[in-house]
Amino acid sequence: MPIVAQSTETTDWVSRFADEVIEESERRAPGKPVVVASGLSPSGPIHLGNLREVMTPHLVADEIRRRGYQVRHLISWDDYDRYRKVPAGVPGVDETWAEHIGKPLTSVPAPKGSAYPNWAEHFKAAMVESLAELGVEFDGISQTEQYTSGVYREQILHAMRHRGDIDAILAQYRTKKAPAKKQQQKPVDEAELEAAEGSGAAAEDDGSSGSAGYFPYKPYCGNCEKDLTTVTSYDDDSTELTYSCTSCGFSETVRLNEFNRGKLVWKVDWPMRWAYEGVIFEPSGVDHSSPGSSFQVGGQIVGIFGGKQPIGPMYAFVGISGMAKMSSSKGGVPTPADALKIMEPQLLRWLYARRRPNQSFKVAFDQEIQRLYDEWDRLEAKVADGSALPADVAAHSRAVRTASGELPRTPRPLPYRTLASVADITAGHEDQALRILSDLDPANPLASLDEARPRYDKAEAWINTHVPADQRTIVRDEPDTELLKSLDEQARESLRLLLDGLADNWSLDGLTHLVYGVPKVQAGFSPDATPKELPAEIKTAQRTFFALLYQLLVSRDTGPRLPTLLLAVGQERVRTLLGE
């Protein structure tokens, strides 16, 4: 028998939702697998905002699995949605793709050079690969396959019979929209990545309203394949339907009980699926809190299909930082694949697990990623020594493992900022990188760079793709003789003290102690003196000393952490550049 963990004040948001979902599932469908759902539209790159649509139910489903229940996490690929516009910045796509607007996404050609048969499969593939790396188990449902194979035929006929009831519900929310205010376009590193309402279908109209009345069904044209059609007549008894296309002028009469080239409009399609699949839990973006939103309207329409609305927490937007100048997609929004190039899946899972769905957060592509990794490593240490708070332990557990087991991890997780500095300085020379990283802890050196992977590879990718060229570290080839000649006696003494201590302190900890200790010793204090024991002037002296070392080593006032930089440059070269 499944064991249900009881919620307490210290449990995380995932456990609380799992309690609620299990209770609701046993009330609605006792003895059956718990069904949670996500919807994604492969209308273009599926971004990190869309990922929240998947991670929220995934984390809840995984908690329910851990308790011994059977769970189905459905991902509906809305690949039968209409192609709305040509997205900007997609490689292999030009203005000629505009001729396909109005067709199903699976009838639109893939970008030039793609290995996939159509537009939808091209963008779906990248997301499927990312979800596998993130440890997300799901049952994928192609809406193209569902509709074109006739799976939903009875639901479509039912909706058409009850079109008056559906129209009456929708009519409650149909109001004249005020003119849209012109908004200034935000750069991508300031914009919030929202999952568009209804997995990309927010802008879809709510039905075909012509002289024949309202119909919740849109045929795709039998000639041009577009959905620019209007139903002109329909007979409930014979299911005979006539439509005309405003794009190409084509019209035809079909029997809807045999016809598989069309779909229910979004605000009817979504609640129909809730009922058909028995969905208990499905989140939605904060845009659904507005009157007339798909989730709110769907809560009324689902009853027409004999179902109930799922438990549906609203989730907040996901922000990003650092993509504007260095976007790998040439101006496009960042995707899970972009994030997984520079961070391990555990870190990305943690970002989604530690915040409640209604809390927004940012995914970092700039220097902030180093701080995030420092925070993650501190959490790992606290979990290991038992000092972490219960909610933090839960978020960590959800990040590093699923009900199926641990995610692959880096054997020696060295600090990300150190790995990034080493990758920056060595510029792809793995033997040099291994030498430097082995010097970090001479008592326990790395035997192979593989011990630091994949974290090292992620840090190297971040350096190569998200750090501007003018911020990269280039070590001098020759000493700066002019600067060395101009130094006063105090500066010369500081270099002598450093050089004298290099051999005995050639490790990360040793060099950290040494570079911070030199200004202390010059001021007459012990190198072990704590900040509380030192006057404020010592900090100024340390900054001056550090700036001098940076100028002599890399011709800049700042750079990677000095202990790491010294290890990277190597003892012999450091001595040469510092004028020994």
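These legends describe close-up views of a predicted model.

**View 1. Three strands, β8, β9 and β10, form an open sheet.**
The strand order is β8-β9-β10, and the pairing is antiparallel. β8 covers residues 229-234 and β10 covers residues 251-255. Both stand at the edges with a single partner strand each, so one side of each has no neighbour in the sheet. From one strand to the next, the twist averages 25°. Strands of a sheet pair through backbone hydrogen bonds, either parallel or antiparallel.

**View 2. Strand β8 pairs with β9 through a hairpin.**
Five bridges join β8 to β9. The two strands run antiparallel. Val 231 has Tyr 243 in β9 as its bridge partner. Five residues lie between the strands of this hairpin. In the hairpin, Thr 239 takes a positive phi near 60°.

**View 3. Strand β9 pairs with β10.**
β9 spans residues 240-245. Five bridges join β9 to β10, and these strands run antiparallel. Which residue in β10 is the bridge partner of Ser 244? The partner is Ser 251.

**View 4. Helices α18 and α19 pack against each other.**
Two packed helices are described by the angle between their axes and the distance between the axes. Here the angle is about 145°, and the axes are 10 Å apart. α18 runs over residues 489-502, and α19 over residues 508-522. α18 passes α19 in a right-handed crossing.

**View 5. Side by side, α18 and α19 share a contact.**
From α18 come Gln 490, Glu 493, Ser 494, Leu 497, Leu 498, Gly 501 and Leu 502. They meet Leu 511, Leu 514, Val 515, Val 518, Val 521 and Gln 522 in α19. What kinds of residues make up the contact of α18 with α19? Eight are nonpolar, four are polar and one is charged.

**View 6. The second largest cavity has a volume of about 80 Å³.**
The structure holds five cavities of 30 Å³ or more. The lining of the second largest includes Glu 344, Tyr 373, Trp 376, Arg 409 and Arg 455. Also among its lining residues are Gln 346, Leu 347, Glu 380, Thr 410 and Pro 413.

**View 7. Helices α11 and α12 help line the second largest cavity.**
α11 covers residues 345-353, and α12 covers residues 368-385. Each supplies at least two lining residues. Which element gives the largest share of the lining? α12 does, with three residues. By type, the lining holds four nonpolar, two polar and four charged residues.

Notes. Residues numbered from 1 in each chain as written. Predicted model: local features only at pLDDT ≥ 70, side-chain atom pairs only at ≥ 80, totals over all residues. Heavy atoms only, no water. 1 Å grid on protein atoms, 1.4 Å probe; cavity = no way out; pocket = protein on both sides within 12 Å on 5 of 7 lines; lining within 4 Å. Points joined across faces, edges and corners; volume = space filled by probe spheres on them. Helix = DSSP H or I, 4+ residues; strand = E, 2+ residues; numbered from the N terminus. Nonpolar A, V, L, I, M, F, W, Y, C, P; charged D, E, K, R; others polar. Pairing = 2+ DSSP bridges. Axes fitted to C-alpha atoms, helices over the stretch in contact; angles between N-to-C directions. Left-handed = near helix turned anticlockwise from the far one by under 90°. Contact = heavy atoms within 4.5 Å.
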